[in-house]
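Ready to practise reading a protein fold? Have a look at the structure below, then work through the exercises one at a time.

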Amino acid sequence: MIDLTLIGIGTGNPQHLTLQAVEALNAQDLILIPNKGAGKDDLARLRQAICAAAIREGGPDHPAPRIVEFDLPVRDEATQDYRQRVDDWHDAIAEIWWQTITTHLPEGGAVGFLVWGDPSLYDSTMRIADRLKTRAEIALRVIPGITSIQALTAAHAIPINTINGPFTITTGRQLRDAGWPEGTETLVVMLDGACSFRSLDPAGLQIWWTAYAGMENEISISGSLGEVSDQIIETRANARTDHGWIMDIYLLRRAVSNPPR
């Protein structure tokens, strides 16, 4: 029997951990941390730092959890169909999870994964966990965490919606392929490695952009899309070069008669 807990840890700030997340971390026998390879070592180090800050010294009844890093498989970009490419990647990750868990907990036990942000939002950890259910009896528990959307709006001190106004959460790929969603005043864009706001007519659009949201090296830029888009693109490129990786998110809003309050 494997008790699998997916723990939302927020966006890289140890202070984002909820009390529930801290207790969940301390209840595990094994915590697995993905290593995404050269240039993204910071992500594994941040997870290690969060564990170091939150995990208490174990006792005879329950020793402190073992922390094991594993190499995350690389997505095969040669596969043309996007959905198939992602499914194959998730299959490969599930296989690595299974091998690592059974190596370190051959008799079963409690396993924790630290999930960036919240496990429910543009994250496939739960889908990967479902793949393990075909191999063993898995009890799945999910601990919610602070999302990058919350960190974005906090960084700019803005509400996500206008008064009684709808908003849409989407991806850069969807924005490029489908354009601005009909009936939406406010758009939150995640997973955008191509600055897809460049595909929009900037007239009447405001943008609030943040990279490394919630972290010590957080960067935020806001203003009229037409005026700040070049600054965002340049800042993003420089930050990616400096750190070897980048996570960013932004909110776009059309000019409306009832401004946010």
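**Exercise 1.** How many bridges join E8 to strand E9, and in which sense do the two run?

*Solution.* Keep in mind that you're looking at a predicted model.
- Start with the pair itself: six bridges link E8 to E9 (residues 219–224), and the two strands run antiparallel.
- Now pick out one bridge: Trp209 has Ile221 in E9 as its partner.
- Next, turn to strand E10 (residues 248–254), which is joined to E8 by seven bridges, again antiparallel. Here Trp208 is partnered by Leu251 of E10.
- Finally, check how covered E8 (residues 205–211) is: six of its seven residues are buried.

**Exercise 2.** Work out the strand order of the open five-stranded sheet, and say which strands sit at its edges.

*Solution.*
- Read across the sheet and you get E3-E2-E4-E1-E5, with parallel pairing.
- The edge strands pair on one side only, and they are E3 (66–71) and E5 (138–143).
- From one strand to the next, the twist averages 25 degrees.
- Zoom in on E2 (residues 30–35): six bridges pair this strand with E3 in the parallel sense. Across that pairing, Pro34 stands opposite Phe70 of E3.
- Then add helix H3 (residues 82–104), which packs on the sheet and touches E1 (2–8), E2, E3 and E4 (109–115). The direction of H3 makes about 145 degrees with that of E3.

**Exercise 3.** Why do the buried residues of H4 line one face of the helix?

*Solution.*
- List them: in H4 (residues 125–132), the buried residues are Thr125, Ile128, Ala129 and Leu132.
- Look down the helix axis: these buried residues of H4 fall within an arc of 105 degrees, so they line one face.
- Ask what lies over them: the cover includes E1, H3, E4 and E5.

**Exercise 4.** Which residues have the most contacts inside the largest nonpolar core?

*Solution.*
- A bit of background: in soluble globular proteins, nonpolar side chains tend to be buried together.
- In this model, the largest such core has 40 residues, and Leu17, Leu25, Ile207, Tyr250 and Leu252 have the most contacts inside it.
- Trace the suppliers: among the elements giving at least two residues each are H1 (19–26), E7 (186–190), E8 and H7 (225–243). The largest share, five residues, comes from H2.
- Follow one residue: beyond its neighbours within four places in sequence, Leu252 touches residues including Leu175, Trp180, Val189, Ile207 and Leu225.
- Don't stop there: a second, separate core of 21 residues includes Leu4, Trp97, Ile101 and Ile138.

Note on methods
Residues numbered from 1 in each chain as written. Predicted model: local features only at pLDDT ≥ 70, side-chain atom pairs only at ≥ 80, totals over all residues. Heavy atoms only, no water. Pairing = 2+ DSSP bridges. Helix = DSSP H or I, 4+ residues; strand = E, 2+ residues; numbered from the N terminus. Axes fitted to C-alpha atoms, helices over the stretch in contact; angles between N-to-C directions. Contact = heavy atoms within 4.5 Å. Buried < 20%, exposed > 50% of the residue type's maximum accessible area, 1.4 Å probe, protein only. Arc of directions from axis to C-beta. Core = buried A, V, L, I, M, F, W, Y, C linked by side-chain atoms within 4.5 Å.
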